[in-house]
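Dear colleague,

Please find below the structure that I am handing over to you, together with its sequence. My account of what was found in it follows directly after.

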Amino acid sequence: MPAAASHQQSFDPVQILHDRFAAAIAAAFPEHAGGAADPVITPSKNPKFGDFQANGAMPLGKLIGRSPREAAAAIVKSVDLGDIAEPLSDASIAGPGFINITLKNTALARLLDRLDSTALGLDPVHGAEKQTIVVDLCGVNLAKQMHVGHLRAVIIGDAVARVFERMGHKVIRQNHVGDWGLNIAMVTAKLIELEKRGEKIDKLDLDRLEKLYKAAQKECSADERGLAMVEKYNLGPKALAEIGTQVHEAREHLAGAKNTLVKLQAHDPATVAVWKRIADLTMDACLATCKRLGADVTAEHSAGESSYAEELAPLVADLVARGITQESEGALVIRVEGFAEPCIIRKSDGGFLYATTDLAGIRRRVQRFGADRVVYCVDARQGLHFRLVFAAAHRAGFDVAPGHASPSSLEHAAFGMVLGQDGKPYKTRSGENVKLSDLLDEAVERAAAAVAGKNPDLSAEERTRIADAVGIAAIKYVDLSNDRIKDYVFDFDRMLAFEGNTGPYLLYALVRIRSIFRKAGSGMSALRADAPAAITIATPEEKTLALTLLRYPGVVRGVAASLEPHRLCQYLFDLAGAFSSFFTNCPVLQAHDEATKRSRLRLCAITERVLADGLSMLGIPTLDRM
RNA sequence: GUCCCGGUAGCUCAGUUGGAUAGAGCGGCCGCCUUCUAAGCGGCAGGUCGGGCGUUCGAAUCGCCCCCGGGACGCCA
């Protein structure tokens, strides 16, 4: 196989046309050959304007002080489209200076042939293009169930990581687990207390643990304001006694928790043992849910805050020594240009904060792991926090990898909230967070009912398997197909409707293709690698399908650059639609002649591979039947 | 108060570097299964792209000012 670089571009019509037109502009206007004149090649929206259009003549006309149509005429005259497209003429120029281009069907066939033979246009990056990319995802906390708030951090993070992996980058997933600090010490203290009272904690489950966590939080939270009010307004000895008791007990609990934190930090074996039990219990449940979701998040990706605990004091000391920090109201902060708020890295009581840990995280990821990019798949509400931390890390020089001249890229792939039908954050009727496992259960249950209705002939075992795949696909796809930054409304009926831009629709499109191959039998010889069938593009449906297939590599690169998986979803939906039209209008196995049948089989095969490949990047497993 | 993000068809959402008549799906209406899975395909109806001003040959897209909704704003994470 030829080296990727030049070969890789040679099936992308946009790239080819860009090169041809850039050459034509350089030839026609040598004085502007510096690259300022972009041909601006885009797919045409309306078929009557051809397949592609070159829109560069308008800005070029302005640049050279002639009318856009004149510029277009000069470009048309000098461009050499060879056997790629139909010859251009003055009739190809429309409106203010659009140049309409229609590809030759033979060229489409040739490009598809190349796409088919080169890892679907995505040969692994190599050399300087290959990056090390850290993807921060999942982000669970100890002693808490995964709930709907974690859904996007897992699904989007996993998809983004898969896209990078597919492109050949080195990806390091990091599940930044909230497993340290006073809150965790509180629940640890609570457990120790219970055990002292003789309660068994070995058989604890996560539900019970979460209740204990909330109870511990409450116990440690003193009503200081209430006490102040009682004292200020002299509300009487009874009120004073009541609230005084509450405050006194809370202060004691808090002191106990702080003491527990000190013991944890000092690696006291008994305390650490209890903490470890909490950690194991939580992480087992978390990783099980991730596995069920088909997300590649495992124990080796865990990087808890506890793993940074020993680094924080030296890190802060280093920053102080380098004069990057300053004191402010008793706290230690890093001032960042353009922000009124400072980045606080040490509290006035000497404790560290999540910004401190995040700074340590950036330093580890860039300087130890060698990350060229660090991508945080975290809720949009943390936007300000990340901007501060990124800027602080930059001031500290933590974002420059060893041997690198320029800083690595720190990116917050922020996502919006999951809303209920009332437009407010998605909760249970009683106002609790919805457990992720319950959400998955319900999706699978609903999918099972739908599958049973649509295809009663399946065995119970197969139906279960399909329902599981469809239910999970529905949830993941709806999350990924919405613009990341926006909130979206969670609606089981819509995502499982099997119509429109949904996971089930895409799975179905793929199933229909695979069904053809099951029935093809000896026709499979059309796909033999040593003698593949010749592709012929004859019908409008074949042409649309071909044009859509050829967009694939560019779409994937766009997703990697923008961190927006919904572009891939939109593309796969387009492709599934193009295939469905083809499927309806172009008989494959019943084609009029053998050559057409073989050509169409190969179109099916390429579509099948692209759909499956795209879905695999979304972390959605496919089915053979449904 | 300051900052960030949204506002596109009745509903849910796309809209690439500014490009021609703004697109899907659902819902409504009308067609298409003797033939590869109709969970599909084709068509019709449905829009002051929140409002205004500006930049431009050209604005849903860029700039400024408003309106509405959400979010974040020093020692929680």
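Asn 234 makes a convenient starting point: this residue is exposed, with a relative accessible area of 66%. Asn 234 sits in the loop that joins α9 (224-233) to α10 (237-265). Its phi is near 50°, a positive value in a residue other than glycine. As background, most residues other than glycine have a negative phi. Phe 498 also has a positive phi, of about 65°, although it is not a glycine. Phe 498 belongs to the loop between α17 (492-495) and α18, and with a relative accessibility of 22% it counts as partly exposed. Because partly exposed begins where buried ends, at 20% relative accessible area, Phe 498 at 22% falls outside the buried class.

Please note that the model is predicted.

Overall architecture and confidence

Chain A has 626 residues, of which 49% count as buried. The chain contains 22 helices and 13 strands, and its C-alpha trace spans about 95 × 70 × 45 Å along the principal axes. Five domains are assigned: domain 1 (4-103), domain 2 (127-178 + 304-415), domain 3 (182-266), domain 4 (436-491) and domain 5 (503-617). Domain 2 is thus written as two segments, 127-178 and 304-415. The centres of domain 1 and domain 2, taken over C-alpha atoms, are separated by 44 Å. Among contacts in chain A with a separation of 6 or more, 74% are accounted for by residues 24 or more positions apart.

As to confidence, the mean pLDDT of chain A is 91, and 97% of its residues reach 70 or more. Residues 1-8 should be read with this in mind: pLDDT stays under 50 over that stretch, for which the model has ten contacts beyond four places in sequence.

The surface near RNA strand B

RNA strand B is surrounded by 63 residues, and the closest are Lys 48, Asn 100, Lys 347, Tyr 508 and Ser 515. By class, this surface has 30 nonpolar, 15 polar and 18 charged residues. The elements α3 (57-64), β4 (98-101), α14 (383-396), β13 (488-489), α18 (503-520) and α21 (565-585) each supply at least two residues to it. On the RNA side, 60% of the atoms within 4 Å of the protein belong to sugar or phosphate, and the rest belong to bases.

Three individual approaches between protein and RNA may be of interest:

- Phosphate: an N or O atom in the side chain of Lys 519 is 3.0 Å from a phosphate oxygen of RNA strand B.
- Sugar or linking oxygen: an N or O atom in the side chain of Thr 584 is 3.3 Å from such an oxygen of RNA strand B.
- Base: a polar backbone atom of Val 588 is 3.0 Å from a base nitrogen of RNA strand B.

Selected residues

Which helix holds Leu 507, and is this residue buried or exposed? Leu 507 lies in helix α18 and, at 0% relative accessibility, counts as buried. Leaving aside residues up to four places away in sequence, Leu 507 touches Ala 469, Val 470, Ala 473, Leu 615, Ile 620, Pro 621, Thr 622, Leu 623 and Met 626. Leu 507 and Asp 205 are 302 residues apart in sequence, and their C-alpha atoms are 36 Å apart in space.

His 385 is placed in helix α14 and is buried, with a relative accessible area of 9%. Not counting residues up to four places away in sequence, His 385 touches Tyr 354, Ala 355 and Asp 358.

The two lysines that follow fall into opposite classes of accessibility. Lys 543, in helix α19 (residues 540-550), has a relative accessible area of 17%; this is under the 20% cut-off, so Lys 543 is buried. Beyond its neighbours within four places in sequence, Lys 543 is in contact with Asp 51, Thr 102, Leu 103, Asn 105, Leu 108 and Ile 537. Lys 424, by contrast, is exposed, with a relative accessible area of 53%, and is found in the loop between β12 (418-419) and α15 (436-454). Between Lys 424 and Val 187 there are 30 Å from C-alpha to C-alpha, and the two are 237 residues apart in sequence.

With kind regards

Methods. Residues are numbered from 1 along each chain as its sequence is written. Chains are lettered from A and ligands numbered from 1 in the order in which they are written. This is a predicted model: local features need pLDDT of at least 70, side-chain atom pairs count only at pLDDT 80 or more; totals for chains, interfaces and linings use all residues. Side-chain values use heavy atoms; hydrogens and water are left out. Helices (H or I, at least four residues) and strands (E, at least two) are DSSP runs, numbered from the N terminus. Buried means under 20% relative accessible area, exposed over 50%, partly exposed in between (1.4 Å probe, protein chains only). Contact means heavy atoms within 4.5 Å. A residue is near a molecule or strand if one of its heavy atoms lies within 4 Å of it. A polar contact is a pair of N or O atoms within 3.5 Å; within protein, one must be able to donate a hydrogen and the other to accept it, and residues adjacent in sequence count only if both atoms are side-chain atoms. Ala, Val, Leu, Ile, Met, Phe, Trp, Tyr, Cys and Pro count as nonpolar, Asp, Glu, Lys and Arg as charged, and the others, Gly among them, as polar. pLDDT is the predictor's confidence in each residue, from 0 to 100. Domain bounds come from an automatic or database domain assignment.
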